[in-house]
Amino acid sequence: MAKYELKTKKNEASVEDFFGEISDENARADCKKIASMMEKATGAKPKMWGAGIVGFGNFSYTNTSGSYEWMEIAFSPRKANLTLYLTNGEGLDADLLADLGKHKLGKSCLYFKRLSDVNEEVLEKLIEKSVENIRKVKAD
């Protein structure tokens, strides 16, 4: 079986330049604040993954298709909403999610329109827990 080639890879594109291309001033400020939360939680500097994902940290994992490098946590400013890539979104703390504010949840994604729609303290706790979860998996 041929090894699957991931399309989303870490690259050397500038995160600051990427933020500078966000025309909406509030969205740009939201991205910088989320980046700060994720940097604090991981201790890693932001890196671009593909053309539109800002990721922090990395780890290697293996599945039936091969071995890959992936980010510990990431986010992307999409047109419809901000998308946070968290570990096992369905396994996140239900009490924290209940206190988060207006959001949607996918399998490993958390979606919200703008930072002002959510409780920033709760979001920071969710980010921290997500990093803790992925690091537990990495250690196993």
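Start with the whole chain coloured by burial: of its 140 residues, 39% count as buried, where buried means under 20% relative accessible area, exposed over 50% and partly exposed in between, with a 1.4 Å probe and protein chains only. Keep in mind that this is a predicted model, in which local features need pLDDT of at least 70, side-chain atom pairs count only at pLDDT 80 or more, and totals for chains, interfaces and linings use all residues. Residues are numbered from 1 along each chain as its sequence is written, and side-chain values use heavy atoms, with hydrogens and water left out.

**The whole chain**

Switch to cartoon view and you will find four helices and nine strands. Helices (H or I, at least four residues) and strands (E, at least two) are DSSP runs, numbered from the N terminus. Following the chain from that end, you pass β-α-α-β-β-β-β-β-β-α-β-β-α. The radius of gyration is 15 Å, close to the 14 Å of the globule rule for 140 residues, so the chain is as compact as a globular protein of that length. That radius is taken over C-alpha atoms, and the rule is 2.2 Å times the number of residues to the power 0.38. Along the principal axes, the C-alpha atoms fill a box of roughly 45 × 35 × 25 Å.

**The sheet**

Next, select the strands. Seven of them form an open sheet in the order β1-β2-β3-β6-β7-β9-β8, with antiparallel pairing; two strands pair if DSSP finds at least two bridges between them. Look at the edges: β1 (10–11) and β8 (104–105) each have a single partner strand, so one side of each is left without a neighbour in the sheet.

Now walk across the middle:

- β3 and β6 are antiparallel and share three bridges; show Phe56, which stands opposite Ile73 in β6.
- β6 and β7 pair antiparallel over four bridges, and a hairpin of four residues joins them. Phe75 has Leu84 in β7 as its bridge partner.
- β7 and β9 run antiparallel, joined by four bridges. Here Thr83 is matched with Tyr111 in β9.

**The helix across it**

Select α2 together with the sheet. This helix lies across β3, β6, β7 and β9, and runs at about 175 degrees to β6. Axes are lines fitted to C-alpha atoms, for helices over the stretch in contact, with angles from 0 to 180 degrees between N-to-C directions; contact means heavy atoms within 4.5 Å.

**The core**

Which residues touch the most other members of the largest nonpolar core? Show Phe19, Phe75, Leu84, Phe112 and Leu123, which do so among its 31 residues. Such a core is a set of buried Ala, Val, Leu, Ile, Met, Phe, Trp, Tyr and Cys residues joined through side-chain atoms within 4.5 Å. Elements that each supply at least two residues of this core include α1 (15–20), β7 (82–85) and α4 (120–139). The largest share, six residues, comes from α2.

Zoom in on Phe112. Leaving aside neighbours within four places in sequence, Phe112 is in contact with Ile34, Asn81, Leu82, Leu84, Lys102, His103, Val118 and Leu123.

**Two cysteines to finish**

Select Cys31 and Cys109. A search of the whole structure finds zero disulfides, a disulfide being a pair of cysteine sulfur atoms within 2.5 Å. For Cys31, the nearest cysteine sulfur is that of Cys109, 15 Å away. Cys31 is buried at a relative accessible area of 0%, and Cys109 also counts as buried, at 12%.
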